[in-house]
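The exercises below ask you to read a structure step by step, each with a worked solution. Please look at the sequence and the model before you begin.

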Amino acid sequence: MFQPGLVNAMTARHEAAKGFCDITPLSLGVLVYGFAFGLLAAQAQMSGIQTGLMSGLVFAGSSQIVGVERLVAGAGALSALAAGLALNVRILLMTSSLRREFAGRSIWQILLGAHLTTDENWALMHATRSKGHPVGYWYLMGGGLSLLVFWVASTILGIFFAQALPDPRALGIDFAFTAAFIAMLTSLWRGRPDIGPWVASILASGIVVLFLPVEASWALVVGGLVGALTAGAQARE
Amino acid sequence: MLLAAGLAVGTLSLRLTGYFLGFRLPETGAWARAFSALPGCLIASLVTVILMTASTAEWGAAAVALGTALLMRSVPLSMLIGVGAVWFFRTLF
């Protein structure tokens with residue numbers, strides 16, 4: 001007998017597993033940054049439990065690194081918090097573009113989905129979809145779960161072992177995410193209508209980096225918004 | 001732990017604000033075009049911001065990673081070759 005619920009559950013599990021597997025190279029990159037954050041957390045006198053809790057509940061690596069680095073540098077907690085949150089404004093833009101993925105979901109699925117949305121699994125979901133694979137919410141969740149597990153585990157381990165590891169820069173591993181985002185960008189290219197918005201994004205973010213004394217994350221937000229507004233303003237081809 | 005609690009609450013609020021904002025915008029017309037272009041624009045900005053402060057070796061490796069991505073259409077392979085290229089160029093320069 002045909003059971004649509006069972007088929008949907010199997011599809012969701014299959015899609016989540018695909019997301020979990022596809023993101024593995026990026027999760028390995030997260031591991032390196034997790035160790036680095038653990039080392040920083042140790043300098044800020046944080047315990048393994050505190051570090052793990054922070055990583056699981058915040059789950060936004062760059063803001064954690066910047067916030068704790070500010071604390072270690074002697075800044076106040078509010079100043080460190082403001083710097084960390086400024087970096088996360090871009091995530092607001094990401095979750096705002098997930099209307100299709102979140103439509104009709106239960107409250108817990110929306111909360112979980114919002115919490116597990118990061119640069120890596122959000123960009124990978126769009127890039128995979130651009131290649132013709134009809135992936136969505138569960139693919140995003142599978143990728144997010146993998147990143148969360150690797151991130152939390154590596155930040156805790158980093159407290160104890162980071163000093164014994166080689167410098168990621170000496171091995172070139174610090175470049176892994178840049179290469180990943182360049183590859184995802186090529187998948188997101190949709191043809192001529194993208195020329196104007198992308199050029200506008202590149203120019204706007206470049207101008208902010210060059211001329212405004214603000215966190216680099218604001219350049220990213222401004223670039224994304226200017227490009228998207230350019231796409232909205234241009235006539236449909 | 002004030003920082004950890006503040007970041008946890010603040011970041012989840014930002015994520016949920018995005019969710020509510022997304023549902024309040026129209027599904028067709030200019031706003032829909034803007035939101036469908038957002039992923040590419042945001043990643044284009046991210047790569048721009050990274051490369052604006054990068055060294056010659058990283059620009060060279062970025063070109064290699066781009067070439068690999070265009071030829072092979074593979075994220076893991078682009079990462080692997082990109083990391084190898086940046087290690088090589090840093091050793092060279």
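**Exercise 1. Describe how chain A and chain B touch, beginning with how many residues are in contact.**

Taking contact to mean heavy atoms within 4.5 Å, we find that 82 residues of chain A are in contact with 63 residues of chain B. This is a predicted model, in which local features need pLDDT of at least 70 and side-chain atom pairs count only at pLDDT 80 or more, while totals for chains, interfaces and linings use all residues. Residues are numbered from 1 along each chain as its sequence is written, chains are lettered from A in the order in which they are written, and side-chain values use heavy atoms, with hydrogens and water left out.

The next step is the area: about 6,100 Å² is buried between chain A and chain B, with 77% of it given by carbon and sulfur atoms. Buried area here is the accessible area (1.4 Å probe) that two parts lose on being put together, summed over both.

**Exercise 2. Find which side chains meet in a salt bridge between the two chains.**

A salt bridge requires a side-chain nitrogen of Lys or Arg within 4 Å of a carboxyl oxygen of Asp or Glu, and the count between chain A and chain B is two. One of them joins B:Arg90 and A:Asp174, at 2.9 Å from N to O. On the side of chain A that touches chain B, α12(A) gives the most, with 12 residues; helices are DSSP runs (H or I, at least four residues), numbered from the N terminus.

**Exercise 3. Check the span of helix α13 of chain A, and then say what covers its buried residues.**

The expected span is 1.5 Å times one less than the number of residues, so the 17 residues of α13(A), 195–211, should span 24 Å, and the end C-alpha atoms are indeed 24 Å apart. Its buried residues (under 20% relative accessible area, 1.4 Å probe, protein chains only) include A:Pro197, A:Trp198 and A:Val208. Their cover includes α12 (176–188) and α14 (216–233) of chain A, together with α2 (30–52) of chain B.

**Exercise 4. Decide whether B:Val9 is buried or exposed.**

We first place B:Val9 in helix α1 (residues 2–24) of chain B. Its relative accessible area is 56%, and exposed means over 50%, so B:Val9 is exposed. As a last step, the C-alpha atoms of B:Val9 and B:Gly67, which lie 58 residues apart along the chain, are separated by 41 Å.

How values were computed
Helix = DSSP H or I, 4+ residues; strand = E, 2+ residues; numbered from the N terminus.
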